[in-house]
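Open the model in your viewer and keep the selection tool ready. The tour below goes stop by stop.

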Amino acid sequence: MHHNAHPGRLLAAGGLALLLAITSGSAAQTQPSATAVPPVRVVVVGDSLSTGHGTSPQQAWPALMRKDPEVAGLEVVNAAEDGSGYLSLGDYNGTFGSQVEDFVTPDTGIVVFFGSENDLGYPPADLGSAALAAMDRAETLAPEARIIVVGPPSYTTTPDPGLVDISDQLKSAALQAGGEFVDPIAEGWISDDFDDLIGPDGDHPTVQGQHYLLDHIGAYLEQAAPAAAAALEGRQDPRKPAA
């Protein structure tokens, strides 16, 4: 069942109020503290749906998230690479696994995997193994991180069976890795509004499409952020490392 983004926005607004209260409580209302809550580092692992391909890198949803004043307290690092997937090699020979290796750090609070249709045609079992390995590696590199796994969207209400296979493998891997799985196919992302959200190449989001992805993925990030911030604080408190 698909709704327009408004319910999500309302939900996000509720989450935002909570997030803002946690991440930017004014010093007047709370005990004056010398240390402001550091932003939660979010690493986006993805393909050309997250790089801004077809618009520009500045219009990609992770870049829009950086500029969104409502999404306070998140430091977004965009590791996405055109053409990449869990098995598919991207334009620079990267995979989702190598993006994890290159960008996920011990202070990362949330890792978002998004995609990928680029893995169509690979054996599903191989995909499941590669996905689980990438998620496990993210947890090893960032033990406190929340893992959010977003499957590939389908642009039609009758999804390609190969996309459904990918989605099933990712759901299973996410559950094994202790992550949260988000299913754009089941949630009907994009399919009701293809003409406005997807550009002339029939594959990559328009600017409106990137804002749509920001609304939908951002809602999950906002829900995860307070717990991620608390977990990171707990990790750092016992032994204050030297700067």
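**Start at helix α3**

Select helix α3, residues 96-103. The buried residues of α3 pack against β1, β3 and α4. Which residues of α3 are buried? They are Phe96, Gln99 and Val100. Look down the axis of α3: these residues span an arc of only 100°, so they sit on the same side of the helix. Keep in mind that this is a predicted model.

**Move to strand β3**

Now select residues 108-114, strand β3. How many of the seven residues of β3 are buried? Seven of seven are, so to speak, under cover.

Add strand β1, residues 40-46. β1 and β3 run parallel and are joined by six bridges. Pick Val44 and look across to β3: the bridge partner of Val44 is Val112.

Stay on Val112 and bring in strand β4, residues 146-150. β3 pairs with β4 over five bridges, again in the parallel sense. Here Val112 stands opposite Ile148 of β4. Next, trace the chain from β3 to β4. The path goes through helix α4, residues 124-141. This β-α-β crossover is right-handed.

While the strands are on screen, show their side chains. In a regular strand, side chains alternate between the two faces of the sheet.

**Show the aromatic rings**

Display the rings of Phe, Tyr and Trp. The structure holds three aromatic pairs. Select Trp61 and Phe114, which form an edge-to-face pair. Their ring centres are 6.4 Å apart, with 65° between the planes. What parts of the chain does this pair link? Trp61 belongs to helix α2 (residues 61-67) and Phe114 to strand β3, 53 residues apart. Trp61 and Phe114 are both buried.

Then select Tyr86, Phe96 and Phe113. Ring pairs link these residues into a cluster. Phe96 is familiar from the first stop, as one of the buried residues of α3.

**Zoom out**

Color the protein chain by secondary structure. Eight helices and five strands appear. From the N terminus, their order is α-β-α-β-α-β-α-β-α-β-α-α-α.

Switch to coloring by burial. Of the 243 residues in the protein chain, 48% are buried. Turn on the surface last. The accessible surface of the protein chain is about 11,400 Å², and carbon and sulfur atoms contribute 55% of this area.

One more view: contacts. Among those in the protein chain with a separation of 6 or more, 75% are between residues 24 or more positions apart.

Notes:
Residues are numbered from 1 along each chain as its sequence is written. This is a predicted model: local features need pLDDT of at least 70, side-chain atom pairs count only at pLDDT 80 or more; totals for chains, interfaces and linings use all residues. Side-chain values use heavy atoms; hydrogens and water are left out. Buried means under 20% relative accessible area, exposed over 50%, partly exposed in between (1.4 Å probe, protein chains only). Helices (H or I, at least four residues) and strands (E, at least two) are DSSP runs, numbered from the N terminus. Two strands pair if DSSP finds at least two bridges between them. A crossover is right-handed if, with the strands pointing away from the viewer, the path from the first strand over the helix to the second runs clockwise. The arc is that of the directions from the helix axis to the C-beta atoms. Contact means heavy atoms within 4.5 Å. Rings of Phe, Tyr and Trp (its six-membered ring) pair if their centres lie within 6.5 Å; planes under 30 degrees apart count as stacked, over 60 as edge-to-face and the rest as tilted. Accessible areas come from the Shrake-Rupley method with a 1.4 Å probe; for residues, only the protein chains shown count as cover.
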